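Work through these exercises with the structure open beside you. Try each task before you read its solution.

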Amino acid sequence: MKKENITVPEPIVNIIDLVLYYGKTKALKGINLDVSRKKITSFIGPSGCGKSTLIRCLNRLNDLIESVTIEGSIRIDGKDIYDPAIDVTELRRRVGMVFQKPNPFPKTIYENVVYGPRIVGISKKNTLDEICEKALKKAALWEEVKDRLHTNALDLSGGQQQRICIARAIAMEPEIILLDEPCSALDPIATAKIEDMLVELKKDYTVIIVTHNMQQAARISDFTGFFMLGELVEFNVTTEIFTNPREKQTEDYITGRFG
Amino acid sequence: MTREAYHKALKNLEDDVLQMGDMVADAIRKSVEALQKRDINASREIIKNDLLINKKRFDIEEKCISLIATQQPMAVDLRELTSILSIITDLERMGDHAEGIAKINVLLGNEPLVKPLIDIPRMAEIGLSMLDKCLKAFIDRDTEAARRICNEDDQVDALHDQIYRELLVLMMENPRIIHMATYLTWVSHNLERIADRVTNIAERIVFMVTGKMEEINVSKY
């Protein structure tokens, strides 16, 4: 790593010398970064900088792409998640993911939320009801949908659909929630609801969010990493990044002098 | 450069600050000249023109607020905008001090001065030179120059103390001049405050460039 980055309190994730190739293209060029437990960490940077690629490494979604090869290591709670002995399904339960476009299943609201718990074998109605209510409450959606849990999730608004997806992730009791541009398809009110909810969620979960919206990173995250061309240019406390960045590249990007 | 209109607006704002700085410098210079020449009309003009300085300050403030609201400035740009908000407050108050000197000249009317003005113009001269260097440091982002300005403030403080002592002696010798001598201590006080406010601006420039808030001009008391 070229530059000394800050030490975060209570790291839950350690990314060490992570290099990722798509075929021969080096998409991540030796990333070193720690993610703090029960904090919001955001990754910002221009398109193609590697920020989405990086979060997809954290629950091994990149395994699904054949041409990907990875060097270095990622540890969650001290365990290397690329260790062959790791159960990837269990990893993805612990590290949930929410994508840019809301992608609820074409099922009822209730069935969307309890989908994961059902897969892992929970079938008792009472338990599933409890899981559903708890997850929807945490996703700040319960009040809006409690009277129509058995209607189709696709009938909800975009913002509500995105919160269904977050509830679906929460229902699996993950430790870490990854969000890849979760608000880019939403209007400002729906965005504000999600942001408020994420700030609430960090009481229980570690949140990592990729966003193109710098104001969003500034508003909600505790730590921010700025990426460019596959490198982590700067990682620091969010207020420092947005008021007094150390690197010129960061400053040029966040002040719009980049390009 | 990707956000050209925004950065052009920031640049224009700097020009506005320079213009306001010139207006204030002009008011300070003329207020002392009018006092020396006992030119009451010139003093009345300064009092009237202070409204223009105040208006300029509001214009700049509005532009800053509008840029913050519409452009979400970050990092160095955010520091520049918040610094400008602080700098124009200091400049506006410096304009008020010049107006204060002009008002004293009006109050003194045709009464002859108790002593020739030597140190008061000298204080004004140093203050104006500090302001000039400060505005240059603002444009050049020159923290070293900004720090040096703060040292010059000591000379102004020393002159103020000297004038105060001299006038005190004169007042003890001749209580009938207390009225005028008190007014002159107020002139000196206004000039001392002007130089102090230049050091506030210098501190803002250091913050704007480095992102660190620091007190450079430490009081000797």
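**Exercise 1. Describe the four-stranded sheet of chain A: its strand order, its pairing and its edges.**

Step 1. Read the order. The four strands form an open sheet, β2-β1-β4-β5 of chain A, and the pairing is antiparallel. Strands are DSSP runs of E with at least two residues, helices are runs of H or I with at least four, and both are numbered from the N terminus. Two strands pair if DSSP finds at least two bridges between them.

Step 2. Find the edges. β2 (25-36) and β5 (79-80) of chain A pair on one side only.

Step 3. Check one pair. β4 (residues 68-76) of chain A is joined to β5(A) by two bridges, and they run antiparallel. Ile76(A) has Lys79(A) in β5(A) as its bridge partner.

A note on the source. This is a predicted model: local features need pLDDT of at least 70, side-chain atom pairs count only at pLDDT 80 or more, and totals for chains, interfaces and linings use all residues. Residues are numbered from 1 along each chain as its sequence is written, while chains are lettered from A and ligands numbered from 1 in the order in which they are written.

**Exercise 2. Describe the six-stranded sheet of chain A and the helix α6 that lies across β6 and β7.**

Step 1. Trace the order. This open sheet runs β6-β7-β8-β3-β9-β10 in chain A, with mixed pairing.

Step 2. Explain the edges. β6 (95-98) and β10 (231-237) of chain A each have a single partner strand, so one side of each lacks a neighbour in the sheet. From one strand to the next, the twist averages 15°.

Step 3. Look inside. Strands β3 (residues 40-44) and β9 (residues 223-228) of chain A run parallel and share four bridges. Opposite Ile44(A) stands Phe226(A) in β9(A).

Step 4. Add the helix. α6 (residues 158-170) of chain A lies across β6 and β7 (176-180), at about 170° to β6(A). Axes are lines fitted to C-alpha atoms, for helices over the stretch in contact, and angles run from 0 to 180 degrees between N-to-C directions.

**Exercise 3. How do helices α2 and α3 of chain B cross, and what is the class make-up of their contact?**

Step 1. Take the geometry. The axes of α2 (residues 40-71) of chain B and α3(B) come within 9 Å and cross at roughly 170°.

Step 2. Name the arrangement. The two helices α2(B) and α3(B) are therefore roughly antiparallel, the term for angles over 145 degrees.

Step 3. Sort the contact. It has 16 nonpolar, four polar and eight charged residues. Ala, Val, Leu, Ile, Met, Phe, Trp, Tyr, Cys and Pro count as nonpolar, Asp, Glu, Lys and Arg as charged, and the others, Gly among them, as polar.

**Exercise 4. How many residues of chain B are in contact with chain A, and which helix gives the most?**

Step 1. Count. Twelve residues of chain B are in contact with 13 residues of chain A. Contact means C-beta atoms, placed from the backbone, within 7 Å.

Step 2. Locate. Helix α3 (residues 75-108) of chain B gives the most to this side, with five residues.

Step 3. Sort. The chain B side holds six nonpolar, three polar and three charged residues.

**Exercise 5. Is Glu10(A) buried or exposed?**

Step 1. Place the residue. Glu10(A) sits in the segment before β1 (11-22) of chain A.

Step 2. Apply the count. Glu10(A) has 11 C-beta neighbours inside 10 Å, so this residue counts as exposed. The cut-offs are 12 or fewer for exposed, 20 or more for buried, and partly exposed in between, with C-beta atoms placed from the backbone.

Definitions and conventions: Contact = placed C-beta atoms within 7 Å. Parallel < 35°, antiparallel > 145°, perpendicular 65-115°, else oblique.
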